[in-house]
Amino acid sequence: MDRVVKGCLVTPQGRLDKGWLGIEDGRITAMGQGVPPAAAQTDDHGDALILPGVVDGQTHATSYMGLAGITPTTASAVAGGVTTLVDMPYDNPLPLDRPDRFAAKAEAVAQHAHADMALYGTATRETGTAQLQALIEAGVVAFKISSFESSPTRFPRIAEDLTLDLFEQLAATDLPLGLHNEDQEIVHARMARARAAGVEGIEAHSTSRPLAAEMAATAQFFALAQAAGAHAHPVHQTARESFDITAMFAASGMRATGELCVHYLWFDAARDGERLGARMKVNPPIRPGAIDGIWTSLEAGHVAFVSSDHSSWPIDNKYTDSIFDAGAGVPGMETLLPAFFTLARDRGHDPAHMCARMLSEHPARFFGIDDRKGAIEIGREADLAVLEEGAFTWDETRAHDGLNWSPFHGETFGARVAATYLRGAPVWDGSEVLNAPGSGRLVKRATAGWFA
């Protein structure tokens, strides 16, 4: 063996106390309990939990610094036990809607990444459906569009006619089409109403982007996919009522899935809004009184997986007089795993298995990379996150994302990432990132995915 890693292994079949796994050429080749085989290197993590490396299904590495932003984002990833990022296509300055932009981003991964990366593609009015097949052949793992325009070039609104065209072309494939799911007309009207009334603090954020806007966009999106026979996937649903729509369409037999971001489970707009202000501004918004309902949806199986929606915006982007002018998005690479572990534990679940399932196994299968990623199984790549349980207060100044701010600052987690392995190589030792930029690889879709 090249390396043996010892600890409490969290596998799809169950927990292996005093377990070990053997690694050769970056892959898991043996597992067991008790005395391990000989190896060139043996790492003994005692009673610590060894989980599969997190597959973060929603990240924005390049929003601020462009493609060079991959370096700090992926450094933060490995420090948080995230070994594969699925990065969104809204790159700064241009969206990933054609093969030459895919090639440029793939080259940037090879140059900058500390972790492995898979890539979303998108479509714009300029490209329409013309580049979908070329992007699929290049290796995108999914596509995403938005029903709300944040930027006319980088993050445009895609209207229903083109959305239907996209679904019709993707229907014969295994690739999902994701959606930023907010109705633009409702949001613009409610924002204008709030401004006119002089209500421009954080309390106006969730009311100006009401749940009705999310539900309307989500339902129409599913209806178009149902008509075309395609796979539709809203990438952030914020309340039980929204996941109920997903469940309803899924029960009809269509390919419908929905995604949850961890901040919707941790924060409550009524409880945390005054304290955090724009530091908790995300779109769609964190809502008041939604957490218990979201847990109901998750426990009922209506949530495909949980992601961070990490946004690489500096804190200066939040310093505005009006909440409507503040940037949306929060950092989340290093807090996803410890935060979700803590929430699952406090809810009475087996937190290690729930993290392995919702943060690793499910997203790996969803994006068609579960031949290599997502589980501690023989034959898969040895991507591992070692968790030490305890009480750990998150300090935003110690983050590795180059941003050094977080709405989770001062929160106490029930675990910390004590080590991370990428394809069998140690990349985080609990205090330092060990690998160099360019150690990460591009991961392309290879399996049939969620509905196989």
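Let's start at Pro93, which sits in the loop between strand E6 (82-87) and helix H2. This is a predicted model, and in it a cis peptide bond joins Asn92 and Pro93, with omega at about 15°. There's another cis bond to look for further along: Asn283 and Pro284 are joined that way too, with an omega of about -10°. Pro284 is found in the loop between helix H10 (269-276) and helix H11 (291-299).

Back to H2, because it has a partner. Two packed helices are described by the angle between their axes and the distance between the axes. Here, helix H1 (residues 70-79) and helix H2 (residues 99-112) pack at about 60°, and their axes are 9 Å apart. That angle is under 65 degrees but not under 35, and H1 and H2 are therefore oblique to each other. Their crossing is right-handed. On the H1 side, Ile70, Thr71 and Thr74 make the contact, while H2 brings Ala108, Val109 and His112. Sorted by character, the residues of this contact come out as 3 nonpolar, 3 polar and no charged.

Now for the strands. Strands of a sheet pair through backbone hydrogen bonds, either parallel or antiparallel. You can find both kinds here. For parallel pairing, look at the open sheet of 8 strands, which runs in the order E11-E10-E9-E8-E7-E6-E5-E14. The edges belong to strand E11 (255-256) and strand E14 (310-311), each of which pairs on one side only. At the E11 end, strand E10 (residues 231-234) and E11 pair in the parallel sense over 2 bridges, and Ala232 stands opposite Ala256 in E11.

For antiparallel pairing, go to the beginning of the chain. Strand E1 (residues 3-11) and strand E2 (residues 14-24) run antiparallel, joined by 8 bridges, and they form a hairpin with 2 residues between them. Val4 has Gly22 of E2 as its bridge partner. Gly22 turns up again in the next pairing, where its bridge partner in E3 is Ala30. E2 and strand E3 (residues 27-33) are antiparallel and joined by 6 bridges. They make a hairpin as well, with 2 residues between them, and Asp25 in that turn has a positive phi of about 50°.

More antiparallel pairs link distant parts of the sequence. Strand E4 (residues 41-52) pairs with strand E15 (residues 384-393) over 4 bridges, and Ile50 stands opposite Val386 in E15. E15 also pairs with strand E16 (residues 412-422), this time over 8 bridges, with Glu388 facing its bridge partner Arg416 in E16.

The loops around E16 hold two residues with an unusual backbone angle to check. Asn404, in the loop between E15 and E16, has a positive phi near 60°. Arg423 lies in the loop between E16 and strand E17 (425-428), and its phi is positive too, near 50°. Are these residues buried or exposed? Asn404 is partly exposed, because its relative accessible area is 31%, whereas Arg423 counts as buried at 14%.

One last stop is Ile323, in the loop between E14 and helix H12 (336-346). Its relative accessibility is 5%, so Ile323 counts as buried. What surrounds Ile323, leaving aside its neighbours within four places in sequence? It is in contact with Glu200, Gly201, Ile202, His205, Ala278 and Lys281. Lys281 is 42 residues away along the chain, yet the C-alpha atoms of Ile323 and Lys281 are separated by 8.2 Å.

Conventions. Residues are numbered from 1 along each chain as its sequence is written. This is a predicted model: local features need pLDDT of at least 70, side-chain atom pairs count only at pLDDT 80 or more; totals for chains, interfaces and linings use all residues. Side-chain values use heavy atoms; hydrogens and water are left out. Axes are lines fitted to C-alpha atoms, for helices over the stretch in contact, and angles run from 0 to 180 degrees between N-to-C directions. Angles under 35 degrees count as roughly parallel, over 145 as roughly antiparallel, 65 to 115 as roughly perpendicular and the rest as oblique. A crossing is left-handed if the near helix is turned anticlockwise from the far one by less than a right angle, and right-handed if clockwise. Contact means heavy atoms within 4.5 Å. Ala, Val, Leu, Ile, Met, Phe, Trp, Tyr, Cys and Pro count as nonpolar, Asp, Glu, Lys and Arg as charged, and the others, Gly among them, as polar. Two strands pair if DSSP finds at least two bridges between them. Buried means under 20% relative accessible area, exposed over 50%, partly exposed in between (1.4 Å probe, protein chains only).
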